[in-house]
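This report goes through a single protein chain, from its overall fold to a few individual residues. Please keep the sequence and the coordinates open while reading.

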Amino acid sequence: PYSSLPLDIEILASQALVMDAQTETVLLDAKAQETMHPSSMTKIMTAYLAFKKIKEGVITPSTLVRVTEEGWRVEGSSMFLNINDEVPVLDLLKGLIIQSGNDASVILASHIAGSEAAFAREMTREARELGALQTTFLNASGLPQEGHYSTAYDLAKISLRLMRDFPEEYKIFGEKEFSYGNIKQGNRNPLLYANIG
């Protein structure tokens, strides 16, 4: 459902969506159905699928995952893992959620599904089952890749399902910092520092 509230505000983002989490009423829609590259918001689906694998018993939060060279070499934001380290799944989840670690995303995805590409195919299937019908994931980190796309609306649907299906795990998204290997990083979500609750 859409709200009929008249809004006269300037929107700087190319796409935006504000939705009431309880009623799913859309309060603001700025090209929310237009496909876009989801960048690190991809990690919402990466986390959702990892939480599901924990619930299914495929992995546990304490399962140790070896850091591969492929995962260590991935570009962009990093958890600063070292090759051949054995890292608990929970730390990898915190690394990808709080620190937006591309390395953590690739390593966790490859461990769960055998390869990042196989995990991404599973992410896409799961996203479609959640109602995100205009979404295709080709990687677990959100690094630019032709054919990797979503919409603000689909990302909101995935986010709502993560909050509802995994309420305890969802609390990780609210943690403001995480340290790994004596390197402390703050959460990349600026809304956490805006004191809006």
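What percentage of the 197 residues of the chain count as buried? The share is 46%, and this value, like every other one below, is computed from a predicted model.

## Overall fold

The chain contains seven helices and six strands, and these elements follow one another along the sequence in the pattern β-β-α-β-α-β-α-α-α-α-α-β-β. The pattern thus begins with two strands and ends with two strands.

The C-alpha trace spans about 55 × 35 × 30 Å along its principal axes. For 197 residues a compact globule would be expected to have a radius of gyration near 16 Å, and the 17 Å found for the chain agrees with that expectation. Of the contacts between residues at least 6 apart in sequence, 58% join residues that are at least 24 apart.

## Surface and charge

The chain exposes about 10400 Å², of which carbon and sulfur atoms supply 52%. The chain carries 18 positive and 25 negative charges, and the mean positions of these two sets are 3 Å apart.

## Aromatic pairs

How many aromatic pairs does the count come to? The count comes to three aromatic pairs. One of them joins Tyr 48 and Phe 166, whose rings are 5.1 Å apart from centre to centre with an angle of 75° between the planes, an edge-to-face arrangement. This pair links distant parts of the chain, since Tyr 48 belongs to helix 1 (residues 42-55) whereas Phe 166 sits in the loop between helix 6 (152-165) and helix 7 (167-170), 118 residues apart.

Both partners have low values of relative accessible area that fall under the 20% limit for burial: Tyr 48 is buried at 3%, and Phe 166 is buried at 4%. Ring pairs also bring in Phe 51, so that Tyr 48, Phe 51 and Phe 166 are linked into a cluster.

Phe 51 appears again among the contacts of Phe 173, a residue found in the loop between helix 7 and strand 5 (177-180). Leaving aside neighbours within four places in sequence, Phe 173 is in contact with Ala 47, Phe 51, Ile 97, Leu 162, Asn 187 and Leu 192. For one of these partners, Ile 97, the C-alpha distance to Phe 173 is 6.2 Å, although the two residues are 76 apart in sequence.

## Positive phi angles

Ser 39 is not a glycine, yet its phi is positive, at about 50°. Ser 39 lies in the loop between strand 2 (26-30) and helix 1, and its relative accessibility of 39% makes it count as partly exposed.

Phe 80, likewise a residue other than glycine, has a positive phi near 65°. The loop that holds Phe 80 runs between helix 2 (69-73) and strand 4 (86-88), and with a relative accessible area of 44% Phe 80 is partly exposed.

## Sequence distance and spatial distance

Thr 63 is placed in the loop between helix 1 and strand 3 (64-66). Leu 90 is 27 residues away from Thr 63 in sequence, with a C-alpha separation of 8.2 Å. When residues up to four places away in sequence are not counted, Thr 63 touches Val 87, Pro 88, Val 89 and His 111.

Val 18, in strand 1 (residues 16-19), is partly exposed with a relative accessible area of 40%. Beyond its neighbours within four places in sequence, Val 18 is in contact with Thr 25, Val 26, Leu 27 and Leu 28. Val 18 and Ile 112, by contrast, are 33 Å apart in space between C-alpha atoms and 94 residues apart in sequence.

Is Thr 136, in the loop between helix 5 (116-129) and helix 6, buried or exposed? Thr 136 is buried, with a relative accessible area of 15%. Its contacts, again without neighbours within four places in sequence, are Thr 124, Arg 128, Gly 147, His 148 and Tyr 149. The C-alpha atom of Gln 99 is separated from that of Thr 136 by 23 Å, the two residues being 37 apart along the chain.

Note on methods. Residues are numbered from 1 along each chain as its sequence is written. This is a predicted model: local features need pLDDT of at least 70, side-chain atom pairs count only at pLDDT 80 or more; totals for chains, interfaces and linings use all residues. Side-chain values use heavy atoms; hydrogens and water are left out. Helices (H or I, at least four residues) and strands (E, at least two) are DSSP runs, numbered from the N terminus. The radius of gyration is taken over C-alpha atoms; the globule rule is 2.2 Å times the number of residues to the power 0.38. Buried means under 20% relative accessible area, exposed over 50%, partly exposed in between (1.4 Å probe, protein chains only). Contact means heavy atoms within 4.5 Å. Accessible areas come from the Shrake-Rupley method with a 1.4 Å probe; for residues, only the protein chains shown count as cover. Lys and Arg count as positive and Asp and Glu as negative; His and the chain ends are not counted. The place of a charge is taken as NZ of Lys, CZ of Arg, CG of Asp or CD of Glu. Rings of Phe, Tyr and Trp (its six-membered ring) pair if their centres lie within 6.5 Å; planes under 30 degrees apart count as stacked, over 60 as edge-to-face and the rest as tilted.
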